[in-house]
Amino acid sequence: MPLKELEIKNARESGKLTDGRGLYLLVQATGSKLWRFDYRFAGKRKTLAMGQYPEVKLSEARRKHEDARRLLKSGIDPSAQRRQEKVAGRIAQDNTFGLIASEYLGRLKEMGRAETTSTKNKW
């Protein structure tokens with residue numbers, strides 16, 4: 001039986017409240033409520049974290065769950081996909097011209113270039 005918003009708000013006892021098809025709300029003894037999705041990929045049991053309630057509402061958790069199930073259906077591991085997206089985001093963020101230029105200027109000093117050369121390159 002699917003979860004209801006009222007059930008989630010009133011949950012105090014630690015344990016799992018299942019919504020179906022692997023999606024559940026993990027209620028911890030500390031009072032935090034965490035969305036999780038249990039699935040199997042390549043014969044291994046895996047768990048995907050989907051956020052904390054109330055930041056991630058029931059409807060949003062279900063949407064994320066469906067997205068993950070679609071990935072599974074196409075043969076893609078949702079947790080591996082998430083890791084790849086995070087790495088790609090970090091790489092895109094780190095590849096700015098300013099960052100690369102300051103790295104280059106730092107290497108000039110390490111290579112023992114004259115102060116004049118460093119000043120000209122900074123300019």
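**A walk around R36**

Start by selecting R36, and show its contacts: leaving aside residues up to four places away in sequence, R36 touches G22, L23, Y24, L26, T47, L48, A49 and M50. Keep in mind that you are looking at a predicted model.

Now colour by confidence. The protein averages a pLDDT of 90, and 100% of the residues score at least 70. Among the elements, strand 3 (residues 33-41) has the highest mean pLDDT, 97, while helix 5 (residues 115-122) has the lowest, 76. R36 sits in strand 3.

Next, show the side chain of D38. Which side chain of opposite charge is nearest to R36? It is D38, 7.3 Å away, and R36 has no salt bridge although it is buried. Select the whole of strand 3 and you will find that 7 of its 9 residues are buried, so to speak of the strand as mostly covered is fair.

Then bring in the neighbours, beginning with strand 2 (residues 23-27). This strand runs antiparallel to strand 3, and 5 bridges join the two. For one pair to click on, take V27, whose bridge partner in strand 3 is K33. Between these strands lies a hairpin connection of 5 residues, where G31 takes a positive phi near 105°.

On to strand 4 (residues 44-53): it is also antiparallel to strand 3, with 9 bridges joining them. Stay on K33 for a moment, as it stands opposite Y53 in strand 4. Finish at the hairpin of strand 3 and strand 4, with 2 residues between the strands; here A42 takes a positive phi near 55°.

Notes
Residues are numbered from 1 along each chain as its sequence is written. This is a predicted model: local features need pLDDT of at least 70, side-chain atom pairs count only at pLDDT 80 or more; totals for chains, interfaces and linings use all residues. Side-chain values use heavy atoms; hydrogens and water are left out. pLDDT is the predictor's confidence in each residue, from 0 to 100. Helices (H or I, at least four residues) and strands (E, at least two) are DSSP runs, numbered from the N terminus. Buried means under 20% relative accessible area, exposed over 50%, partly exposed in between (1.4 Å probe, protein chains only). Lys and Arg count as positive and Asp and Glu as negative; His and the chain ends are not counted. A salt bridge is a side-chain nitrogen of Lys or Arg within 4 Å of a carboxyl oxygen of Asp or Glu. Contact means heavy atoms within 4.5 Å. Two strands pair if DSSP finds at least two bridges between them.
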